[in-house]
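Welcome, and please open your viewer. We will take a short walk through a model, one selection after another.

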Amino acid sequence: MIQWWNRVEFLNPQWFWLLLIIPFLAAYYWWQGRQDNATVKISSLQGFESGTSWLARLRPLLYVLRLLAIALLIVAMARPQTTDTTTKVSTTEGIDIVLAIDVSASMLAKDLKPDRLEATKEVALDFIKGRPTDRIGVVVYAGESYTKTPITTDQSITVRAVEDIEYDNVLQNGTAIGMGLATAVNRLKESESESKVIILMTDGVNNSGFIDPKIASELAVEYGIKVYTIGIGTNGNAYSPVSIKADGSFRFALTPVEIDEQLMKEIASSTGGTYYRATNNKKLAQIYQEIDQLEKTEVEEFKFTDVQEKFRPLVLLALALLSMEMLLRYTLFRTAA
């Protein structure tokens, strides 16, 4: 435990210059003490006790007490004090966010490393870990959609949900953008948060599902949900799955990258969000960083400062020393007037 005197600060340290007078006062008291001792000339010391009285030897103690008292008063005038600062952070109601991630087979394309899906998971995890005060949920979709985890403040649950995302052919293949968006809206429609956000990621065109993406975006507008859309994939061609081999693995070939950018722009624009295109890992990470900066939870910090003055004990000790000096001077060391 840190003792209080290790945290002492002095409000008026300029008073320490007065300590320079202490040596001069000490020299003056020493000189005055010699003057106080009268000299008597006699022919012989016979008949007098030899040696010096112990009281005479202790008499300089009076000057020591006075000098200590003066030094303590000077230190007290420098205003020693300790300051304890406590901080309280008040966070406004966090942002509710749903990540809607395309997990169709085309997300295994190799234009992002190691593939689109793994690159998406990596930046999504960094995004989640950087927002501890927000509620975040995860929706996955391909030819249909489902909620991987509802919005929650338990970061570990959301992180685990994203880590577990993989292409497992459980969902019907295809890209149902409308259903993915509608499921994400359904996760947020009852939220009372002032800010509700969906980050919708896809690498294709809407070719599955029974909900039109424009209808889903209208639902988002109705519930006050902002949608950021991200098109994932390089420009031109990419090595993408084209068929399944006998052993169950994919056969890859160069195929055109098709993203319905016009649709994604319309969804973002109508809901107050922004459309981004991630053509590589670096660009995808930059997009998430930009969204992270745009959607900030307000955090208010309050600092409470407790200042404790420490000069009072010094003044009391100085007064005690002066009182002791006066008491000894007029009792034990009393001299005739």
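## First stop: the annotated spans

Select residues 14–31: the C-alpha atoms at the two ends lie 29 Å apart, and the span is 61% helix and 0% strand. Helices (H or I, at least four residues) and strands (E, at least two) are DSSP runs here, numbered from the N terminus. Now select residues 61–78, where the end C-alpha atoms are 26 Å apart and the span is 94% helix and 0% strand. An unreviewed UniProt entry annotates residues 14–31 and 61–78 as "transmembrane region". UniProt positions follow the numbering used here, feature names are shortened, and such annotations may be inferred rather than shown by experiment.

Before going on, two notes on how to read the model. It is a predicted model, in which local features need pLDDT of at least 70 and side-chain atom pairs count only at pLDDT 80 or more, while totals for chains, interfaces and linings use all residues. Residues are numbered from 1 along each chain as its sequence is written, and side-chain values use heavy atoms, with hydrogens and water left out.

## Second stop: W15 and P23

Click on W15, in the loop between β1 (8–10) and α1 (21–36). Is W15 buried, partly exposed or exposed? W15 counts as partly exposed because its relative accessible area is 34%; buried means under 20%, exposed over 50%, and partly exposed in between (1.4 Å probe, protein chains only).

Add L18 and M77 to the selection: with W15 they form a nonpolar patch on the surface, with about 230 Å² of accessible area together. Patches are made of residues with over 30% relative accessible area and no salt bridge; like charges are joined within 9 Å, and nonpolar side chains (Val, Leu, Ile, Met, Phe, Trp, Tyr) within 5 Å. The areas come from the Shrake-Rupley method with a 1.4 Å probe, and for residues only the protein chains shown count as cover.

Next, go to P23 in helix α1. P23 counts as exposed because its relative accessibility is 52%. Then draw a distance from P23 to L67: their C-alpha atoms are separated by 9.2 Å, although the two residues are 44 apart along the chain.

## Third stop: salt bridges

How many salt bridges are there? The count comes to 11, where a salt bridge is a side-chain nitrogen of Lys or Arg within 4 Å of a carboxyl oxygen of Asp or Glu.

Show the side chains of E325 and R66, which meet in a salt bridge with N to O at 2.5 Å. This pair links distant parts of the chain: E325 sits in helix α10 (residues 311–329) and R66 in helix α3 (residues 60–77), 259 residues apart. E325 counts as buried because its relative accessibility is 1%, whereas R66 is partly exposed at 23%.

Now select E309 and R79, another salt bridge, with the closest N and O atoms 2.5 Å apart. This pair also links distant parts of the chain, 230 residues apart: E309 is in strand β11 (residues 299–309), and R79 is in the loop between α3 and β2 (80–91). E309 is partly exposed, at 22% relative accessibility, and R79 is partly exposed, at 27%.

Stay on R79 a moment and look at its backbone. Most residues other than glycine have a negative phi, and most peptide bonds are trans. Phi of R79 is near 60°, a positive value in a residue other than glycine.

## Fourth stop: around P114

Move to P114, in the loop between β3 (96–102) and α4 (116–129). A cis peptide bond joins K113 and P114, with omega about -5°.

Then select R116 and D111, whose salt bridge has its closest N and O atoms 2.8 Å apart. Both R116 and D111 are buried. Add D203, and you have a network of salt bridges linking D111, R116 and D203.

## Last stops: D168 and V257

Select E163, D164, E166 and D168, which gather in a patch of negative charge on the surface. Lys and Arg count as positive and Asp and Glu as negative, leaving out His and the chain ends; each charge is placed at NZ of Lys, CZ of Arg, CG of Asp or CD of Glu. D168 is in the loop between α5 (155–163) and α6 (177–188), and counts as partly exposed because its relative accessibility is 44%.

Finish at V257, in the loop between β9 (250–256) and α8 (261–271). V257 counts as buried because its relative accessibility is 16%. The C-alpha atoms of V257 and G236 are separated by 5.8 Å, with the two residues 21 apart along the chain.
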